[in-house]
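Welcome to this tour! Open your viewer, switch to a cartoon view, and get ready to select things one stop at a time.

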Amino acid sequence: MSTYELVRKTKIDGDFEGFDDEVLFRFVDGTYWLQAQYMHWYHYAYRPNVNLLRANGRFYLQIDGKDKVVPVRQITDVIQSRIDGEFKGWEGETVYTLTNGQVWKQCTYHYEYKYSYRPEALIYNSGTGYKMQVEGTTADVRRVK
């Protein structure tokens, strides 16, 4: 890791299930970081120690003690709420009301079943549109109310 400068050591707040496509990571300090380049690597850990690194003006995330490094960028204005009732995954045009009163509708087709009652929902602008992350699943969404 000699080409990287260590910016800080911190922890991921909650479950870490590896890298994939545009994964959103919340650090224990409340900041959010979005995976900025596709890389698939599965590794489960609860509240793992991570290193935020910098090289050539870009930030990178590394799980402490592992070799994998992925570019990330900080995301602000993340909406954090809960699904008001049951979450049954994504069906293509799924609509969910949040406990904060907002209503969001899935806007691209993606099917994935996952059940949870009143799970946390994170909504953020990925740069290509809004995404909603619930229970480890993510779908493209738009606000309807």
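**Stop 1: the sheet**

Keep in mind as you look around that this is a predicted model. Begin by selecting the six strands that form an open sheet, in the order 9-14-15-16-12-11, with antiparallel pairing. At the edges you will find strand 9 and strand 11 (95-97), each of which pairs on one side only. Look along the sheet and you can follow its twist: on average, neighbouring strands are turned by 35° against each other, direction ignored. What holds such an arrangement together? Strands of a sheet pair through backbone hydrogen bonds, either parallel or antiparallel.

**Stop 2: from strand 9 into the sheet**

Select residues 79-82, which make up strand 9, together with residues 120-125, which make up strand 14. These two strands run antiparallel and are joined by four bridges. Show the side chains of I79 and I123: I79 stands opposite I123 in strand 14.

Now add residues 130-134, which are strand 15. Strand 14 and strand 15 are paired in the antiparallel sense over five bridges. Which residue of strand 15 does I123 stand opposite? The partner is M132. So I123 has a residue to look at in strand 9, namely I79, and another in strand 15, namely M132.Next, follow the chain around the hairpin of strand 14 and strand 15, which has four residues between the strands. Click on G127 there: this residue takes a positive phi near 105°.

**Stop 3: the second hairpin**

Move along to strand 16, residues 137-143. Strand 15 and strand 16 run antiparallel, and five bridges join them. Select Y130 and you will see that it stands opposite V141 in strand 16. These two strands also form a hairpin, with two residues between them.

Zoom in on E135, in the loop between strand 15 and strand 16. Its phi is positive, about 50°, although E135 is not a glycine. Most residues other than glycine have a negative phi, and most peptide bonds are trans. Is E135 buried, partly exposed or exposed? With a relative accessible area of 36%, E135 is partly exposed.

**Stop 4: across to strand 12**

Select residues 103-106, strand 12, and keep strand 16 on screen. The two pair in the antiparallel sense over three bridges. To see residues facing each other here, pick K105, which stands opposite R142 in strand 16.

**Stop 5: the largest pocket**

Switch to a surface view for this stop. Rolling a probe the size of a water molecule over the atoms shows where empty space is left. How much space lies in the largest pocket? The volume is about 970 Å³. The pocket is lined by 33 residues, and the closest to its centre are V23, Q133, E135, G136 and T137. You met E135 at the hairpin turn of strand 15 and strand 16.

Colour the elements that give two or more residues to the lining: strand 2 (15-16), strand 3 (24-26), strand 14, strand 15 and strand 16. The largest share, four residues, comes from strand 16. If you colour the lining by residue type, you should find 10 nonpolar, 10 polar and 13 charged residues.

**Stop 6: a buried threonine**

Select T10, which is found in strand 1 (residues 5-11). T10 counts as buried because its relative accessible area, 13%, is under the 20% cut-off. Which residues surround this threonine? Leaving aside neighbours within four places in sequence, T10 is in contact with F27, V28, P48, N49 and V50.

**Stop 7: two loop residues**

Go to N56, in the loop between strand 6 (49-55) and strand 7 (58-63). Its phi is near 55°, a positive value in a residue other than glycine. N56 is exposed, with a relative accessible area of 81%.

Finish at Y109, in the loop between strand 12 and strand 13 (116-117). Y109 is exposed as well, with a relative accessible area of 65%. Try the distance tool between the C-alpha atoms of Y109 and E93: they are 7.2 Å apart in space, while the residues are 16 apart in sequence. Apart from its neighbours within four places in sequence, Y109 is in contact with E91 and G92.

Definitions and conventions. Residues numbered from 1 in each chain as written. Predicted model: local features only at pLDDT ≥ 70, side-chain atom pairs only at ≥ 80, totals over all residues. Heavy atoms only, no water. Pairing = 2+ DSSP bridges. Axes fitted to C-alpha atoms, helices over the stretch in contact; angles between N-to-C directions. 1 Å grid on protein atoms, 1.4 Å probe; cavity = no way out; pocket = protein on both sides within 12 Å on 5 of 7 lines; lining within 4 Å. Points joined across faces, edges and corners; volume = space filled by probe spheres on them. Nonpolar A, V, L, I, M, F, W, Y, C, P; charged D, E, K, R; others polar. Buried < 20%, exposed > 50% of the residue type's maximum accessible area, 1.4 Å probe, protein only. Contact = heavy atoms within 4.5 Å.
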